[in-house]
Amino acid sequence: MATIALDTLASARKLKAAGFSDDQAEAVTGVLRETRETDLSTLVTKSDLKTEIAESKYDILKWVLSAIGFRTIVIVGAIVTLARGLR
């Protein structure tokens with residue numbers, strides 16, 4: 001990706017001309033420079049989010065089905081126990 005240079009001195013001068021103090025103009029210019037130098041490769045993409053959502057859905061479905069299976073076993077066990085007790 002091509003990088004376009006940021007003229008921080010010109011930016012600071014424009015901010016000062018607009019009424020910013022020296023400290024304010026330097027702070028804003030510094031923030032702009034840091035923002036431009038940020039490594040964007042670490043940001044999450046839509047594809048990453050879709051993958052994460054799909055994995056979460058799978059985990060939730062697996063948990064729900066396991067819970068249903070466990071409850072079914074408990075209910076069947078209770079019915080069998082009650083049926084034996086009535087004999």
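# Briefing: an extended, all-helical chain

Threonine 29 sits in helix α2, which covers residues 22-36. The model is predicted. The chain has 3 helices and 0 strands. Its radius of gyration is 31 Å, well over the 12 Å that the globule rule gives for 87 residues, so the chain is more spread out than a compact globule.

**Overall form**

- Along the sequence, the elements run α-α-α.
- Taken along the principal axes, the C-alpha atoms fill a box of roughly 95 × 30 × 15 Å.
- Of the 87 residues, 7% count as buried.
- The accessible surface of the chain is about 8000 Å². Carbon and sulfur atoms account for 64% of that surface.

**Threonine 29 in helix α2**

- Is threonine 29 buried or exposed? Threonine 29 counts as buried, because its relative accessibility is 5% and the cut-off for buried is under 20%.
- Threonine 29 and arginine 13 are 16 residues apart along the chain. Their C-alpha atoms are separated by 9.8 Å.

**The salt bridge**

- How many salt bridges does the structure hold? The count is 1.
- Lysine 16 and aspartate 22 form a salt bridge through their side chains, at 3.5 Å from N to O.
- Side chains of opposite charge can pair when their charged atoms come close.
- The 3.5 Å contact between lysine 16 and aspartate 22 qualifies because the cut-off is within 4 Å.
- Aspartate 22 is partly exposed, at a relative accessible area of 46%.
- Lysine 16 is also partly exposed, with a value of 36%.

**Charge on the surface**

- Which residues form a negative surface patch? They are Asp48, Glu52, Glu55 and Asp59.
- Aspartate 59 belongs to helix α3. Its relative accessibility is 43%, so aspartate 59 counts as partly exposed.
- Aspartate 59 therefore clears the patch cut-off of over 30% relative accessible area.
- The chain carries 12 positive and 11 negative charges. The mean positions of these two sets lie 16 Å apart.

**Nonpolar surface**

- Ile60, Leu61, Trp63, Val64, Leu65 and Ile68 make a nonpolar surface patch. The patch measures about 630 Å².
- Leucine 61, one of the patch residues, is in helix α3, which spans residues 46-86.
- Leucine 61 counts as partly exposed, with 49% relative accessibility. The cut-off for exposed is over 50%, so leucine 61 stays in the class between buried and exposed.

**Other positions in helix α3**

- Tyrosine 58 is placed in helix α3. At 53% relative accessibility, tyrosine 58 counts as exposed, because the cut-off is over 50%.
- How far apart in space are tyrosine 58 and arginine 87? From C-alpha to C-alpha, they are 44 Å apart. In sequence, tyrosine 58 and arginine 87 are 29 residues apart.
- Isoleucine 73 also lies in helix α3. It counts as exposed, with a relative accessibility of 60%.
- Isoleucine 73 and leucine 40 are 33 residues apart along the chain. The separation of their C-alpha atoms is 51 Å.

Technical notes. Residues numbered from 1 in each chain as written. Predicted model: local features only at pLDDT ≥ 70, side-chain atom pairs only at ≥ 80, totals over all residues. Heavy atoms only, no water. Buried < 20%, exposed > 50% of the residue type's maximum accessible area, 1.4 Å probe, protein only. Patch = residues over 30% accessible without salt bridge, like charges linked within 9 Å, V, L, I, M, F, W, Y side chains within 5 Å. Areas by Shrake-Rupley, 256 points an atom, 1.4 Å probe, with all protein chains shown as cover. Helix = DSSP H or I, 4+ residues; strand = E, 2+ residues; numbered from the N terminus. Lys, Arg positive; Asp, Glu negative; His and termini not counted. Charge placed at Lys NZ, Arg CZ, Asp CG, Glu CD. Rg over C-alpha atoms; globule rule 2.2 N^0.38 Å.
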